[in-house]
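Take a walk through this fold, one strand at a time. Begin with the sheet, then follow the charged pairs, and finish in the core.

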Amino acid sequence: MKNIFSLLLLALIMVSCKNNEQKTEVEIVEPETKEIAYASFGDKIEADNAVDASVMAEKFKAMQVGDSVSSKMVAKVDEVCQAKGCWMRLDLGNDEQVMVKFKDYGFFMPKNIAGKEVIINGQAYVSEVSVDEQRHYAEDAGKSEEEIAEITEPKRTYSFMADGVLLIEE
């Protein structure tokens, strides 16, 4: 009987000394997904699969004058035509911009969207802009006569013919 009692006591000690893991329930918190609202201009486009402006800048660097590629990108607006909203310049990073025009002159952008993000869809291409055209854009942007007069050479530019634009509203 003493042996049974000893064995029972030993078993009880072993069970009580067994590593008691503290199981705590961890609450998994899903990140808050904020619904993004867009104002749409031109053709209806979706926000998915847009490349970042920095990725598009690398694509532009690899292109030659006359090359084009269908693309969708997201970028910050640097400038908008202050006459009609008929063009805009987007920031590609590293002090580079892309000049965006709108297919068939079919739509315009609000003139007060500098600093906002847009998603554009259409054709990206590299072109050479004449002195006259550069001066015209400088005039539309409200540049001074001195700044306009400094434009004396054609310029290789990154361009985009957008068929649709989504303006990210905040």
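Start at strand 5, residues 96-102. This strand is mostly covered, with 5 of its 7 residues buried. The model is a predicted one.

Strand 5 has partners to look at in turn. One is strand 4, residues 87-93, which pairs with strand 5 in the antiparallel sense over 6 bridges. Within this pairing, Trp 87 has Lys 101 of strand 5 as its bridge partner. The two strands form a hairpin, with 2 residues between them. Asn 94 sits in that turn and has a positive phi of about 50 degrees.

Now turn to strand 7, residues 155-169. Strand 5 pairs with strand 7 in the parallel sense, over 5 bridges. Here Met 99 stands opposite Ser 159 of strand 7. As a general point, side chains in a regular strand alternate between the two faces of the sheet.

Next come the charged pairs. Lys 101, already met as the bridge partner of Trp 87, also forms a salt bridge with Glu 133. The closest N and O atoms of this pair are 2.9 Å apart. The link joins distant parts of the chain: Lys 101 lies in strand 5 and Glu 133 in helix 3, residues 131-140, with their positions 32 residues apart in the numbering. How covered are Lys 101 and Glu 133? Lys 101 has a relative accessible area of 24%, so Lys 101 is partly exposed. Glu 133 is partly exposed too, at 26%.

How many salt bridges does a search of the whole structure find? The search finds 7. One of them joins the side chains of Asp 48 and Lys 72, at 3.4 Å from N to O. This pair also links distant parts of the chain, 24 residues apart. Asp 48 belongs to the loop between strand 1 (37-42) and strand 2 (51-52), while Lys 72 belongs to strand 3, residues 68-80. The two ends differ in cover. Asp 48 counts as partly exposed because its relative accessibility is 45%. Lys 72 counts as buried because its relative accessibility is 15%, and the cut-off for buried is under 20%.

Glu 58 and Lys 61 make a local pair. Their salt bridge has its closest N and O atoms 3.4 Å apart. Both residues lie in helix 2, residues 53-62; they are 3 residues apart, so about one helical turn separates them. Glu 58 is partly exposed at 49% relative accessibility, and Lys 61 is partly exposed at 40%. The pair does not stand alone: Glu 58, Lys 61 and Glu 96 are linked in a network of salt bridges.

Leave the charges and go inside. The largest nonpolar core has 29 residues. Which of them touch the most other members? They are Met 73, Met 88, Leu 90, Ile 120 and Val 165. Two or more residues come from each of strand 1, helix 2, strand 3, strand 4, strand 5, strand 6 (117-129) and strand 7. Strand 7 gives the largest share, 5 residues.

End at Val 165. Leaving aside residues up to four places away in sequence, Val 165 touches Ala 39, Ser 40, Phe 41 and Ile 45, among others. Its contacts also include Met 88, Phe 102, Phe 107 and Met 109. Val 118, Ile 119 and Ile 120 are touched by Val 165 as well. Met 88 and Ile 120 are thus familiar names, listed with Val 165 among the core residues that touch the most other members.

Key. Residues numbered from 1 in each chain as written. Predicted model: local features only at pLDDT ≥ 70, side-chain atom pairs only at ≥ 80, totals over all residues. Heavy atoms only, no water. Buried < 20%, exposed > 50% of the residue type's maximum accessible area, 1.4 Å probe, protein only. Helix = DSSP H or I, 4+ residues; strand = E, 2+ residues; numbered from the N terminus. Pairing = 2+ DSSP bridges. Salt bridge = Lys/Arg side-chain N within 4 Å of Asp/Glu carboxyl O. Core = buried A, V, L, I, M, F, W, Y, C linked by side-chain atoms within 4.5 Å. Contact = heavy atoms within 4.5 Å.
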